[in-house]
Amino acid sequence: MAARKLGRPSPYDPAFCAQLVAHMGGGLSFESFAGKVGVSISAIYEWVKRHKAFQEAKSQGVAKSML
């Protein structure tokens, strides 16, 4: 028998990757993206750990925010 997952499902959406790059490219912070999508800051840091594409989007966003 498979173990049941506890807690709510994550509101993560792969579309957040492009949104994050655009958000940070506009000069806004990574942490403020949490407010934009309606989750906690700890949630977006968890997404970085769990979703390689989101981790890459954060890296791209950091680079764009330095322009």
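Select H23 in this predicted model and display its neighbours: leaving aside residues up to four places away in sequence, H23 touches L28, S29, S32, F33 and K36. H23 lies in helix 1. Its relative accessible area is 8%, so H23 counts as buried, the cut-off being under 20%.

**Helix 1**

Extend the selection to helix 1 and colour its buried residues, which are F16, C17, L20, V21, H23 and M24. Turn the view to look down the axis: these residues fall within an arc of 165°, so they line one face of helix 1. Rotate to the face turned away from this buried side, where the exposed residues A18 and A22 are found. To see what covers the buried residues of helix 1, show the other helices; the cover includes helix 2, helix 3 and helix 4. Then step just past the end of helix 1 to G27, whose phi is positive, at about 95°.

**Helix 2**

Next, select residues 30-37, which form helix 2. Its buried residues are F30, F33 and A34. Around the axis they cover an arc of only 110°, which puts them on the same side of helix 2. F33 deserves a second look, as it is also among the residues that H23 touches. On the other side of helix 2, the exposed residues are G35 and K36. K36 is likewise among the residues touched by H23.

Now display the surroundings of the buried residues of helix 2: they pack against helix 1 (16-25), helix 3 (41-50) and helix 4 (52-65). Just after helix 2, select G38, where phi is again positive, here about 80°.

**Where helix 2 meets helix 3**

Keep helix 2 on display and add helix 3. Their axes come within 8 Å and cross at roughly 110°. Helix 2 and helix 3 are therefore roughly perpendicular to each other. The crossing in which helix 2 passes helix 3 is right-handed. Sorted by class, the contact of helix 2 with helix 3 has 8 nonpolar, no polar and 1 charged residues.

Show the side chains at this contact: from helix 2, select F30, E31, A34 and V37, and from helix 3, the residues they meet, I41, I44, Y45, W47 and V48. The charged residue to pick out here is E31.

From E31, draw a distance to S42: the two C-alpha atoms are 9.0 Å apart in space, while the residues are 11 apart in sequence. S42 has its place in helix 3. With a relative accessible area of 53%, S42 is exposed, because exposed means over 50%.

**Helix 3**

Which residues of helix 3 are buried? Select A43, I44, W47 and V48. Seen down the axis of helix 3, these residues fall within an arc of 150°, so they line one face of the helix. Turn to the other side of helix 3 to find S42, K49 and R50, which are exposed. The packing partners of the buried residues of helix 3 are helix 1, helix 2 and helix 4.

**Where helix 3 meets helix 4**

Hide helix 2 and bring helix 4 into view. Helix 3 and helix 4 pack with their axes 5 Å apart, at an angle of about 115°. Helix 3 and helix 4 are therefore roughly perpendicular to each other. The crossing of helix 3 and helix 4 is left-handed. The residues of this contact divide into 5 nonpolar, 1 polar and 3 charged.

On the helix 3 side, select I44, Y45, W47, V48 and R50; on the helix 4 side, select K52, F54, Q55 and K58, which they meet. I44, Y45, W47 and V48 also take part in the contact of helix 3 with helix 2.

**The whole chain**

Finally, zoom out and show the protein as a cartoon. Its secondary structure comes to 4 helices and 0 strands, and from the N terminus on the elements run α-α-α-α. Along the principal axes, the C-alpha atoms fill a box of roughly 50 × 20 × 15 Å. Colour the chain by burial: of the 67 residues in the protein, 27% are buried. Of the contacts with a separation of 6 or more, 47% are between residues 24 or more positions apart.

Definitions and conventions: Residues numbered from 1 in each chain as written. Predicted model: local features only at pLDDT ≥ 70, side-chain atom pairs only at ≥ 80, totals over all residues. Heavy atoms only, no water. Buried < 20%, exposed > 50% of the residue type's maximum accessible area, 1.4 Å probe, protein only. Helix = DSSP H or I, 4+ residues; strand = E, 2+ residues; numbered from the N terminus. Arc of directions from axis to C-beta. Contact = heavy atoms within 4.5 Å. Axes fitted to C-alpha atoms, helices over the stretch in contact; angles between N-to-C directions. Parallel < 35°, antiparallel > 145°, perpendicular 65-115°, else oblique. Left-handed = near helix turned anticlockwise from the far one by under 90°.
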